[in-house]
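User: Hello! Could you take a close look at one part of this protein for me, the place where its two domains meet?

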Amino acid sequence: MKALIQLIFSASLIVISCKSIPEKEKADVFYFGGTILTMEEATPQVEAVALKNGKILFAGTQSEANHYTDDKTKIINLEGKVLLPGFIDVHGHLTSRAGMMQAIDLFPEPYGTVNSIEDLQNTIKKYIIENSVSKSQPIIGNGYDDAIMTEHRHPTKDELDAISKTNPIIVIHTSGHASVANTAMLKLLGISESSKDPEGGHYGRNKKDGKLNGKLEENASFMALLSLTEKMSKETGNSQDLAIQNLMKAQDEWLSYGQTTICDGRTMGESVNLLEKAAAEHLFKADVIYFPDYEYFKKDLNTFKPKYMKYSNHLKLGGFKFSDDGSPQGKTAWLTQPYLIPPEGQSSDYKGFPIFSDQVLYDDLKNLFQNNITAQLHVNGDAAIDQALRVIGKLKEENIYKPELRAALIHVQNSRPDHIQKIKDIGLIPSYFSTHVYLWGDWHYSSVFGPVRASFISPANSALRTGIIFTMHHDAPVTPPDLITAVYSSVNRKTRSGRILGPDERITPLQALKTITINAAYQIQEETTKGSIKAGKLADLVILDQNPLTINPEKIRNIKVLETIKEGVPVYKRK
């Protein structure tokens with residue numbers, strides 16, 4: 001009898017226990033049948049992923065994942081394709097790309113066909129004829145690259161005048177840090193022989209006679225383009241509608257490259273209002289993080305503060321942007337040692353120039369950090385990197401900068417070995433523009449820096465060995481929003497001519513992928529919700545046609561994005 005009572009009691013416990021186990025939630029979508037790379041240390045690869053309500057419900061073995069499915073679950077067989085976390089753009093220029101949507105494409109190979117000044121002239125002439133452009137209509141071209149074009153120099157005012165003396169023409173350098181205007185455009189912009197250089201910018205002049213040659217550098221170019229945009233907007237009645245359309249086209253471009261989080265760095269002018277209008281109309285398919293130009297908006301800091309690190313309809317203020325110097329391939333970056341070959345019109349001791357004094361940068365960053373707001377600092381030349389480390393280092397000593405703010409150094413091209421430990425000690429995140437090695441490595445080697453300095457651009461492996469969390473970016477529209485080429489470049493360190501530039505700075509494909517997923521999520525302070533395939537995180541995913549970890553590293557550039565998924569919903573599919 002005692003044994004029977006004990007058996008009944010044990011059975012009742014089992015019944016109670018079974019009732020207390022909740023039935024597993026059922027997934028909306030279930031992926032299996034391919035390679036699934038999680039970017040998680042504990043489980044770098046899983047067999048299946050289950051999604052529910054825009055989040056990852058489960059990631060693990062297929063047999064376990066099957067328990068999360070029912071007859072309503074959409075079952076997707078990857079058929080051998082590769083599933084990864086969605087790529088995160090930590091530094092691009094979404095609104096700049098949108099603003100250039102109507103510009104004439106002047107990019108050289110491998111993204112375009114303008115490989116000489118004659119090609120540039122013919123491309124613009126063809127555009128004028130095919131679009132029946134009136135004789136007074138302003139014309140904007142974007143993407144010319146003196147590093148690639150056969151002449152290895154910028155076009156001149158006279159060469160643009162040869163296209164048209166009546167159409168105001170401006171062509172923008174691929175770096176975005178310089179442009180060239182013809183006579184009619186200079187007149188439209190109010191730039192004359194008596195115009196003085198703006199602070200942080202230069203008007204190019206002929207060495208012989210000191211007259212304007214049409215080249216505009218840094219703030220001279222930025223101010224000219226802002227002025228031109230305002231003039232053209234006033235003449236276009238539906239300018240905001242067109243701007244929204246172009247913004248959506250730009251978003252689709254980012255999505256086609258696998259990015260589920262998009263950056264708008266150095267947002268200026270009316271672009272903040274444009275982003276907020278698009279968000280209010282629920283037009284963003286991806287998350288968009290913007291970093292307004294601090295100098296432009298610092299008087300409005302109090303109006304921005306309530307928006308900091310808070311998404312509203314997929315739009316978030318992620319901090320503020322500082323542009324501390326220029327472009328290395330455009331030879332406006334601020335160096336401690338002269339350029340190997342100075343740009344036309346400059347002496348042999350030319351080192352580029354700063355945008356800010358130490359005091360201005362200190363005062364601005366102090367105000368920002370005291371408000372617990374982070375910053376991105378564009379620093380290309382080693383002198384600009386020195387300045388950032390000097391200023392932020394001082395602010396850290398004063399307990400004003402705290403590493404948890406995760407301020408980022410953007411580009412960090414002309415970095416020196418002694419910078420690496422300082423970056424770690426101060427608590428900064430370097431974000432490397434690694435595509436430079438592939439696209440402009442030969443130019444840096446033979447014209448910009450020379451062999452020694454060029455071999456240390458984008459020193460990813462040095463950062464890795466020092467234990468620094470770092471990221472990579474594409475800086476679109478300087479290049480297309482192409483992070484796969486950044487991965488290729490950091491893994492191979494091969495220039496377009498085939499030269500291996502700094503072999504010691506190569507990293508593995510997995511390490512490179514982490515820079516655009518989990519590390520990138522850390523930089524934007526979203527590592528708990530993005531950047532890896534893990535239960536509870538957002539279902540931001542990308543499907544690739546080949547596995548970056550097993551393919552020949554030389555072929556990584558050929559990998560195609562097949563599908564981009566934001567919070568469980570496909571937002572791009574390759575046709």
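Analyst: Happy to; here is a walk through the interface of the two domains. This is a predicted model, in which local features need pLDDT of at least 70 and side-chain atom pairs count only at pLDDT 80 or more, while totals for chains, interfaces and linings use all residues. Residues are numbered from 1 along each chain as its sequence is written, and side-chain values use heavy atoms, with hydrogens and water left out.

The domain assignment, automatic or from a database, gives domain 1 (96-236) and domain 2 (319-530). Their centres, taken over C-alpha atoms, are 27 Å apart. In contact (heavy atoms within 4.5 Å) are 23 residues of domain 1 and 23 residues of domain 2.

Between them, about 2,000 Å² is buried, with carbon and sulfur atoms giving 62%; buried area is the accessible area (1.4 Å probe) that two parts lose on being put together, summed over both. Of the area that domain 1 buries against domain 2, Tyr111, His177 and Glu218 supply 25%, more than any other three residues.

As for polar links, the rule finds zero salt bridges across this interface, a salt bridge being a side-chain nitrogen of Lys or Arg within 4 Å of a carboxyl oxygen of Asp or Glu. Five residue pairs, both at pLDDT 80 or more, are in polar contact there; that term is a pair of N or O atoms within 3.5 Å, where within protein one must be able to donate a hydrogen and the other to accept it, and residues adjacent in sequence count only if both atoms are side-chain atoms.
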